[in-house]
Amino acid sequence: SGRPRTDLGINAPRIDILAVSELSYAMAHCRIPVIDHITVNQVPADVQGAVIEVDVVSAEGSHGGPREVHLDLAAHKPTTLSDVDLKLEPASMLRVDEQTPGDIRVVLRNAGGEVLAEGTKPVNVLAANQWKADPPQLALEMLAAYVQPNSTAVVALMTEVSDLLKQSTGNSAIDGYQSEDPKRVDAIAKA
C-alpha cells in the first residue's frame, strides 16, 4: 500500500499500489508489467489533467521508468488505474548482481506540476541470476527464462554428453527430437 508524503498535509490524496513485490531480470526480459493497479483515494476536489509518474528504483537507480499516466480525478471518489504498463528495463536489471531493496514510487501531480501526493511500495530487486518461487504462478511461468543454452558451461557439457552417447550408442549426435526416435531422446537425456 502506498504512503502519502506527510508534508503534503492531512488532506493529501492517498495512493495505493498493488504490484509484484519480487522483481527480476526474467520479468524484464519477458516484458511482464510490474503493477496490477494503482488507486488514488481521498481526493478533496476535482483535479483535471493530473499526471501520475511511476518508477521502480533501488540504490542502483531507476529500473524501468519513469512512466507517466494522465488522468482526471473526481472529488471523494476513488480512481483506479489498471493500465499503467510499467515494465522493467532489461539492461538495468541485468546489471543487478545482488538482491537489493527497492521501491515502486508513485508521484501524483496536478496539471501545473504541483505534487499532490506520493506513494511507495517496497520491493525486492533480485540479482539477474536469481529466481524465487513467489508469486508461484508467475515464477513458474518465467522459469524457462533462466535457461542459457549458449552458456560456456553448457557447451563444455554438450561435448561430454556427445562422448558419452558415442560410448553408449555408437552415435555421438545430439539430435534430440529431430531423430523422431523416443529411444534416442531417452539416450540423450541419460547421457
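These legends describe close-up views of a predicted model.

**View 1. The whole chain is spread out rather than globular.**
The protein contains 5 helices and 9 strands. Along the sequence they follow the pattern β-β-α-β-β-β-β-β-α-β-β-α-α-α. The radius of gyration is 24 Å, whereas the globule rule gives 16 Å for 191 residues, so the protein is more spread out than a compact globule. Along the principal axes, the C-alpha trace spans about 80 × 30 × 25 Å. Of the 191 residues, 38% count as buried. The accessible surface comes to about 11000 Å². Carbon and sulfur atoms hold 52% of that surface. Among contacts with a separation of 6 or more, 60% join residues 24 or more positions apart.

**View 2. Strand S3 pairs with S1 and with S7.**
S3 covers residues 35–41. The strand is mostly covered, with 5 of its 7 residues buried. Strand S1, residues 14–19, pairs with S3 in the antiparallel sense. This pairing runs over 6 bridges. S3 also pairs in the antiparallel sense with strand S7, residues 79–81. Here there are 3 bridges. Val40 of S3 appears in both pairings: Ile15 stands opposite Val40, and Val40 stands opposite Thr79 in S7. In a regular strand, side chains alternate between the two faces of the sheet.

**View 3. Met27 is a buried residue of helix H1.**
Helix H1 spans residues 25–29. Met27 has a relative accessibility of 1%, under the 20% cut-off, and therefore counts as buried. Beyond its neighbours within four places in sequence, Met27 is in contact with Val20, Glu22, Ile32, Pro33, Val34, Leu88, Leu138 and Met142. One of these partners, Leu138, falls within the residue range of helix H3, 136–142. Met142 falls within that range too. Glu89 is 62 residues from Met27 along the chain. The C-alpha atoms of Met27 and Glu89 are separated by 9.3 Å.

**View 4. His29 shares helix H1 but is partly exposed.**
His29 lies in H1, as does Met27. The relative accessible area of His29 is 47%. That value is between the cut-offs of 20% and 50%, so His29 is classed as partly exposed. Met27, in contrast, counts as buried. Ala145 is 116 residues from His29 along the chain. The C-alpha atoms of His29 and Ala145 are separated by 7.7 Å.

**View 5. Glu22 and Lys132 form a salt bridge across distant parts of the chain.**
The N to O distance is 3.6 Å. The two residues are 110 residues apart. Glu22 sits in strand S2, residues 22–23. Lys132 sits in the loop between strand S9, residues 115–125, and H3. Glu22 is buried, at 11% relative accessibility. Lys132 is partly exposed, at 30%. Glu22 is also one of the contacts of Met27.

**View 6. Asp16 and Arg14 meet in a salt bridge.**
A search of the whole structure finds 4 salt bridges. The side chains of Asp16 and Arg14 form one at 2.9 Å, N to O. Both positions fall within the residue range of strand S1, 14–19. Asp16 is buried, with a relative accessible area of 18%. Arg14 is partly exposed, at 29%.

**View 7. Arg184 and Asp175 meet in a further salt bridge.**
Their side chains come within 3.3 Å, N to O. Arg184 is buried, at 8% relative accessibility. Asp175 is partly exposed, at 22%. The basic residue is the buried member of this pair. In the bridge between Glu22 and Lys132, the acidic residue is the buried member.

**View 8. Trp131, Leu140 and Leu143 form a nonpolar surface patch.**
Together the three residues have about 290 Å² of accessible area. Leu140 is found in helix H3, residues 136–142. The relative accessible area of Leu140 is 57%, over the 50% cut-off, so this residue counts as exposed.

Note on methods. Residues numbered from 1 in each chain as written. Predicted model: local features only at pLDDT ≥ 70, side-chain atom pairs only at ≥ 80, totals over all residues. Heavy atoms only, no water. Patch = residues over 30% accessible without salt bridge, like charges linked within 9 Å, V, L, I, M, F, W, Y side chains within 5 Å. Areas by Shrake-Rupley, 256 points an atom, 1.4 Å probe, with all protein chains shown as cover. Helix = DSSP H or I, 4+ residues; strand = E, 2+ residues; numbered from the N terminus. Buried < 20%, exposed > 50% of the residue type's maximum accessible area, 1.4 Å probe, protein only. Contact = heavy atoms within 4.5 Å. Rg over C-alpha atoms; globule rule 2.2 N^0.38 Å. Pairing = 2+ DSSP bridges.
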